[in-house]
Structures are given as structure tokens and as C-alpha cells.
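Student: I'm new to this one and would like a close look at a single part. Please pick a spot, start with one residue, and then work outwards from there.

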Amino acid sequence: MLGLHPLRGALAIGVGACAVIVGACSSSSDSGNEPALTFSETIEPLIQDKCQKCHRPDGIAPFSLTTYEEVKAMGLVARGKVERREMPPWGAFDSADCKMGHKFKDDLSLTDAQVQQFVSWVDQGMPEGDASKRPAPRTFAAPGLPDKTHTFGTAKPWEVAPNAKDDIRCFPIDPGFTEDTWVAATNVMPGDPRVVHHVIVYTDPKREGMQKAGDAGSYPCFGGPEVKNPSLLLAWAPGVPPTSYGDETALKVDKGSHLVLQVHYHPDERVAVPDQTKFELRTIPTRPQYVAQVLLIGNASKTEGALRLLPGPNDPPSGPEFKIPANVADHTESMVLDVPEMIGDIAVPPQRVIMVGSHMHWAGVNMKIDIERRNPAEGQPKNECLLGTPKYDFNWQRGYTYDSPFDDLPLVIGGDRITFTCTYDNTTNNPHVRKAMSELRLSSPQDIKLGEQTLDEMCLGVLVTSRRATPLD
């Protein structure tokens, strides 16, 4: 699909969350005038706000952080994680070449002051303080999509064989939508996170998937669902929590349409793994005020067209090529999309961006999405950085939802230009590259090409846009 690449990330958000594994060495501190910090008054409120959504007895994290003893026990592990901003898992930060103009909802990041508080508390010996001053225990909603109306998934488990190549499979589903249906929120529940690399759900308006699958119930679908006129309903990758399109905003599924659940499996090296992935939807009964659309844009390999690859620092003499050389720590690939003004006979309407995300594989370390507006509307800057993820981590991907009223959201219209810049570290300093080398039984990094396999690479931007609904909707 021309630039709207059907691959994982969509907007979304999900799996794991905030392991601010506290910690690190420490002895009590007699550091002059530095004020004493205590767990009861300073650290526990921080952990409740940033970590306990996942780190609690029934959460998805591997350990709990709900008591003083649990937090203190992780002290030797966590100090560096927090200081390096590896935890909480949040990749979006301002940098020298990307100053984002909008704040995000549900921001898990710590401020510089909060990082220093945590580090200082550890250095002071992690004192508990007055237990009577501890905040009340935090309560959380049950896992999954709140107020879901539908749950769909594979009819039977799919066995992922060990030591096999990546498998991208499509599972057709009849949702039973006899009327036009508006989806306001989505969530994915991977059957076995060890092997589920990403999930995308497409609409199948011509109901072709069932015939392709036949008695097997599924079919291989490298690249896309292989049906006519599909559209994206949701996309998920590790780290993506439930996704809501916002108040009075939803995505339309035409009546009678089937759905296609595409799962990218990356096999375990040791054992066969049965997987039965599911997804949840929350629908609303009437047409919303705003219509949402999920776009996956990038992975350009050609230098011509609306979406095109730009020259890069390590290109061969023959011209631009998407290839990440071995043993290069700061390699970039960039591509641009010229937003069309017309698609066929239909004018492309103005769109507000409500959510953004970045998707790369193991070698990826940063992605930046910029927009250059040809004719900026009032209140919109000529040039804007929509997203920068200098702490990108493949294991903790998510969508970033702008915390702004609809009329203040970034505006995209025909004639604008969106640039996607991805940075990779293909050296042994990158722990994910070392893991890939181990899987492939390699002694040194290798050149990486563009592709859908886990050990290939991507440069894919996720944009969820919204426009005002019309009577034609």
C-alpha cells in the first residue's frame, strides 16, 4: 500500500507500562543541606502515579511495587534505569532538533526534578519515613478495554513452530455488523507475547478473507490482508495500551464488512508456542461528531512518487538506498510524504492529528516526524515537530495522544509535506542488536535491509487523524 504500510504500531498503546524499577546502591546521606526525602511523603506518590498501573499484584509487570519493602528490594536495579530514562517506559522527549508544541495525555515520563528526587532518595539509603503520612492505596480498573462491547479473536490456537522464519498470518472474522458500526476504542490482547511481534486489524468490505482462508481458518499474508479495499481499524505493537480516539470521535466499519486479524509471529528459539490472540472494541450507537482514520506511513524504498526515500549519509554511489550498514552507530534514513490534494475525484479534507507514534525494529533508537505546511492556517506554525522519540525502545512502543482541544490539534491539509527521520544503532553497543545476533548465531553485526521480518528494519510513522463528520458519513 503506497506509503500506508500495513504494519504494526498503530496507534495504539498497551502492554506493559511503567517499571520504574527503583534502585541502586546507596548509603545514607549526610550531604550537607540536602533535604531528607522519604518513601512515605515523596517516593510512594510518584510510584503510584507512574508505575503501579502495571506493577501491582494483578498487573502485567513481572513484580509488584505497592509496598515499601517491594520498592526497596528493587533499589539496586533501579537507580540507573530511572537516571537513563529507561523507566518509566516513555520514548517521547524534546531534543535539540525537535521541540514538540503539544503535551501528551497519560504522560509517564519523569521531570528532571522527579528523577533527581528518586536518585537522591536512593543515595540517602531509601528511608521509609513516617508511615502515617503515606498516601491511600491506589486503585485501578481491571485490565483490558473499559466498557468494551465486543471481543474477537482466532477461532482456535495457532501453533508457532520453534526456530522457524517469521510468519505473518491473517485470520478472517465475521463480526456480525448488520449496520454501519462506529468504533470508538480498541485494545489487543496477545495470546503469547513471546511470539506476537505485532497485530493489525483490517476491514474486509468485500468479505473475501473467509474464502482465502478456507477450512484452515487462516492464510499467509505477508505485506497486507490481500483483500479489496481494506482499511485500517487498529494496529498494535509491544507496549501499546488500549486506544481511545477521543470524545465524540470514532472510526467507521461499513455494515456487512468482515474483519481480518493479521498477526506477525516471531518464533521462540526453543519451543512451539500456541497463540490465540484477541482484540476488543468499544462501539457507539450513533454517528460521532468526528471521524477518525488510522494511517501507517513510511517504509519508502523508491526516490519518486508522493512518498519517497531521501538521500542518506551512507548511500552507495548508485543513489539512495534503505540499508543500515553494520557497525554504524548513528545511521539515518529519511523519507517524505507530499500530502495529496485530491484522491481521484475527491478532495482530501483537512485533518487534525489526534495521535502519533513511531515504529522501527531492533536497531531503531530514535524517530522524528516533522510537518512543513505550505499555507499554514491561523494558529498553525509553518514548521512543526509532531513527535520525537529519542528514547525509542522496540519493547515499549505506544501511541502518543495529544492533550489539546480539537481545534488546537495539529492540522494537515493537501500540499503539506511530512518528513520521517529514523535513526539506527547497528553496533554491539545496542542490546537489541546483540539479541538479534544471538538469534541468528552471528559473531558481528550485519547490514540490515528494509523488510517486514523482525530482523529487518522499518521506518514507519503512525498517525491517527480526525475530521468533522458530514451527512455523507
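Tutor: Let's start at Asp 407, which is partly exposed, with a relative accessible area of 48%. On this scale, buried means under 20% relative accessible area, exposed means over 50%, and partly exposed is in between (1.4 Å probe, protein chains only). Before going on, keep in mind that this is a predicted model: local features need pLDDT of at least 70, side-chain atom pairs count only at pLDDT 80 or more, and totals for chains, interfaces and linings use all residues. Residues are numbered from 1 along each chain as its sequence is written, and side-chain values use heavy atoms, with hydrogens and water left out.

Which residue pairs with Asp 407 in a salt bridge? The partner is Arg 468, with 2.9 Å between the closest N and O atoms. A salt bridge here is a side-chain nitrogen of Lys or Arg within 4 Å of a carboxyl oxygen of Asp or Glu. Side chains of opposite charge can pair when their charged atoms come close. This pair links distant parts of the chain, 61 residues apart: Arg 468 is in strand 26 (residues 460-468), while Asp 407 is in the loop between strand 22 (400-401) and strand 23 (411-412). Strands (E, at least two residues) and helices (H or I, at least four) are DSSP runs, numbered from the N terminus. Arg 468 is partly exposed too, at 41% relative accessibility.

Next to Asp 407 in sequence is Phe 406, and the charged end of Arg 352 sits over the ring of Phe 406, 6.0 Å from its centre. For that label, NZ of Lys or CZ of Arg has to be within 6 Å of the ring centre and within 35 degrees of the ring normal. Tyr 400 has a similar visitor: Arg 398 lies over its face, at 5.9 Å from the ring centre.

Now look around the two ends of strand 26. Arg 467 meets Asp 473 in a salt bridge between their side chains (2.9 Å, N to O). Asp 473 counts as buried, at 19% relative accessibility. On the other side, Asp 456 is in the loop between strand 25 (448-449) and strand 26. Is Asp 456 buried or exposed? At 11% relative accessibility, Asp 456 counts as buried. Beyond its neighbours within four places in sequence, Asp 456 is in contact (heavy atoms within 4.5 Å) with His 361, Ile 448, Lys 449, Leu 450 and Gly 451.

Stepping outwards, how many salt bridges does the whole structure have? The search finds 23. Another one joins Arg 308 and Asp 338, whose closest N and O atoms are 2.7 Å apart. Arg 308 is in strand 14 (residues 307-309) and Asp 338 in strand 16 (residues 331-338), so this pair ties together parts that are 30 residues apart in sequence. Arg 308 counts as buried at 17% relative accessibility, whereas Asp 338, at 25%, counts as partly exposed.

What about the inside? The largest nonpolar core has 91 residues, and Phe 104, Phe 279, Val 356 and Phe 420 have the most contacts inside it. Such a core is a set of buried Ala, Val, Leu, Ile, Met, Phe, Trp, Tyr and Cys residues joined through side-chain atoms within 4.5 Å. Its largest share, six residues, comes from strand 13 (residues 290-298). Apart from this core lies another, of 19 residues, including Ile 43, Ile 47, Tyr 68 and Ala 78. Tyr 68 also belongs to an aromatic cluster with Phe 39, Phe 118 and Trp 121.

Finally, how far can you trust the picture? The mean pLDDT (the predictor's confidence in each residue, from 0 to 100) is 89 for the protein, and 93% of its residues reach 70 or more. Over residues 1-32, though, pLDDT stays under 50. Where pLDDT is low, the predicted coordinates should not be read in detail.

How values were computed: Rings of Phe, Tyr and Trp (its six-membered ring) pair if their centres lie within 6.5 Å; planes under 30 degrees apart count as stacked, over 60 as edge-to-face and the rest as tilted.
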